[in-house]
Amino acid sequence: MAQRMIHVAALDADIPCLSVYKARGLYSSHFRVLLQAAAERLNKNPETLRNGPLAIHITAFDAVGGSLPPLETLRTKPQSPAELHAGPLSPIDAILITGSAASAYEDQPWIHAMQSFIRTVHTHYPNIKLFGSCFGHQIIAQALLSNIANPIHSPISTFHVEHSPAGFEMGIQPITLQPSFTAHFPPLARATAQHPFRIQLIHGDAVVPTPEAEAAADDAGVALPEPWSSIGNSAQCAIQGLYNPGRVLTYQGHFELDTFATGELAQEFGRRAGWSAAVVGGYLEQIYRSRIPGFEDDDDSKAAAEAVLLFFAGEDVDSMCGIDTGMITPPLD
């Protein structure tokens, strides 16, 4: 069976610090490597893919420099069989927004332009998937769910981005994913069957509810407009990602970063902000504690990447779809 090519536009919202850039390139390249590896793994288990094997191509855009995908390059109708061999010049299927040292609420022209682009894509291009990591997660929330971005749509204006009063969340912190979310993604259900979700975190901002939304909180601790939901929470951050089936998926954490990259970035943030050696050392301890000598980092980055790829391919399913994943997803404590 021919591979389905998924064309992803990756919006680079920052440049990594020099040591990370020299080792790994731009953030869009980090995602390309991990998503292509995820495709190879998923393609070895055909039963996980309803519509055949996958391939992924990423086109990078310098969002800070004002480069965004032209709207005429976006997909306007579902992929046809004739497109299977079209290659990377096929229409863009998904938008991926990387992390950044910037904040979604900053008064910067490129941030305003990105928020406008997100709203345009979400409103007028229903065949396009939106994914964001960290800053990408926050700016998608700011663009689609905040009263700043949607002043005339008060019913959905329930969230905004602000500096977290709890400070930075760093390294591997246990994240409790909602079973209703992991049911759509077998790799995440398997990864979290015995332990909380674990990917690298490095953020000082967070998506938070307004007081009105907080008052209407549900069992998951947040009240989102249908069909939005929170993917889960950590002790320090109540919204570790957002999910709108078939349209939007975000992670507050970074499956694209490992201990090396997160550690280097933390030290760079410390240099910029004037953190003490003790503060930096504490953060590095949190970051490096997932490293096992002689082995790869002990986290769930592979499962997280596979879930993103399944989302891009429209393969996110739940237990009601008649597909036997061979497992029962237990509730997490």
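This is a conversation between a student and a tutor about a predicted model.

Student: Let's start with Val208. What makes Val208 count as buried?
Tutor: Its relative accessible area is 17%, and buried means under 20%. So Val208 falls on the buried side of the cut-off.

Student: Where does Val208 sit, and what is Val208 in contact with?
Tutor: Val208 belongs to strand β9, residues 205–209. Setting aside neighbours within four places in sequence, Val208 is in contact with Thr158, Phe159, His160 and Glu162. Contact here means heavy atoms within 4.5 Å. Phe159 is 49 residues away from Val208 along the chain, yet their C-alpha atoms are separated by 5.6 Å.

Student: Now the sheet. How do you know that β1 and β2 pair?
Tutor: Pairing takes at least two bridges between the strands. β1 (residues 4–12) and β2 (residues 54–62) have nine bridges, in the parallel sense, so they pair by that rule. Ile6 stands opposite Ile56 in β2, and the bridge partner of Ala9 in β2 is Thr59.

Student: And what makes β1 and β3 a pair?
Tutor: That rule again: at least two bridges are needed, and β1 and β3 (residues 94–97) have four, also in the parallel sense. One bridge joins Val8 to Ala94 in β3.

Student: Why are β2 and β10 said to stand at the edges?
Tutor: The open sheet has seven strands in the order β2-β1-β3-β4-β13-β12-β10, with mixed pairing. β2 and β10 (229–230) each have a single partner strand, so one side of each is left without a neighbour in the sheet.

Student: Why is strand β1 called mostly covered?
Tutor: Nine of its nine residues are buried, and buried means under 20% relative accessible area. Both faces are covered: Arg4, Ile6, Val8, Ala10 and Asp12 are buried on one side, and Met5, His7, Ala9 and Leu11 on the other.

Student: What about helix α4: what makes that one mostly covered?
Tutor: The helix covers residues 135–145, and 11 of its 11 residues are buried. Among them are Phe135, His137, Gln138, Gln142 and Leu145.

Student: Why is α2 called roughly perpendicular to α10?
Tutor: Helix α2 (residues 27–43) and helix α10 (residues 301–312) pack at about 80°, with axes 9 Å apart. The roughly perpendicular range is 65 to 115 degrees, so α2 counts as roughly perpendicular to α10. The residues in that contact divide into 10 nonpolar, no polar and three charged. Leu34, Leu35 and Leu42 are among those from α2, and α10 brings residues including Ala305, Leu309 and Phe312.

Student: How does α2 run relative to β2?
Tutor: α2 lies across β1, β2, β3 and β4 (129–133), and runs at about 175° to β2. Angles over 145 count as roughly antiparallel, so α2 is roughly antiparallel to β2.

Student: What makes Phe312 stand out in the largest nonpolar core?
Tutor: Of the 39 residues in this core, Phe312 is one of those that touch the most other members, along with Leu35, Leu249, Tyr251 and Phe255. α10 gives the most to this core, with nine residues. Beyond its neighbours within four places in sequence, Phe312 is in contact with Ile6, Val8, Leu35, Ile56, Ala94, Leu96, Lys129 and Phe131. Apart from this core lies another, of 35 residues, among them Phe61, Ile97, Ile128 and Trp228.

Note on methods
Residues are numbered from 1 along each chain as its sequence is written. This is a predicted model: local features need pLDDT of at least 70, side-chain atom pairs count only at pLDDT 80 or more; totals for chains, interfaces and linings use all residues. Side-chain values use heavy atoms; hydrogens and water are left out. Buried means under 20% relative accessible area, exposed over 50%, partly exposed in between (1.4 Å probe, protein chains only). Helices (H or I, at least four residues) and strands (E, at least two) are DSSP runs, numbered from the N terminus. Axes are lines fitted to C-alpha atoms, for helices over the stretch in contact, and angles run from 0 to 180 degrees between N-to-C directions. Angles under 35 degrees count as roughly parallel, over 145 as roughly antiparallel, 65 to 115 as roughly perpendicular and the rest as oblique. Ala, Val, Leu, Ile, Met, Phe, Trp, Tyr, Cys and Pro count as nonpolar, Asp, Glu, Lys and Arg as charged, and the others, Gly among them, as polar. A nonpolar core is a set of buried Ala, Val, Leu, Ile, Met, Phe, Trp, Tyr and Cys residues joined through side-chain atoms within 4.5 Å.
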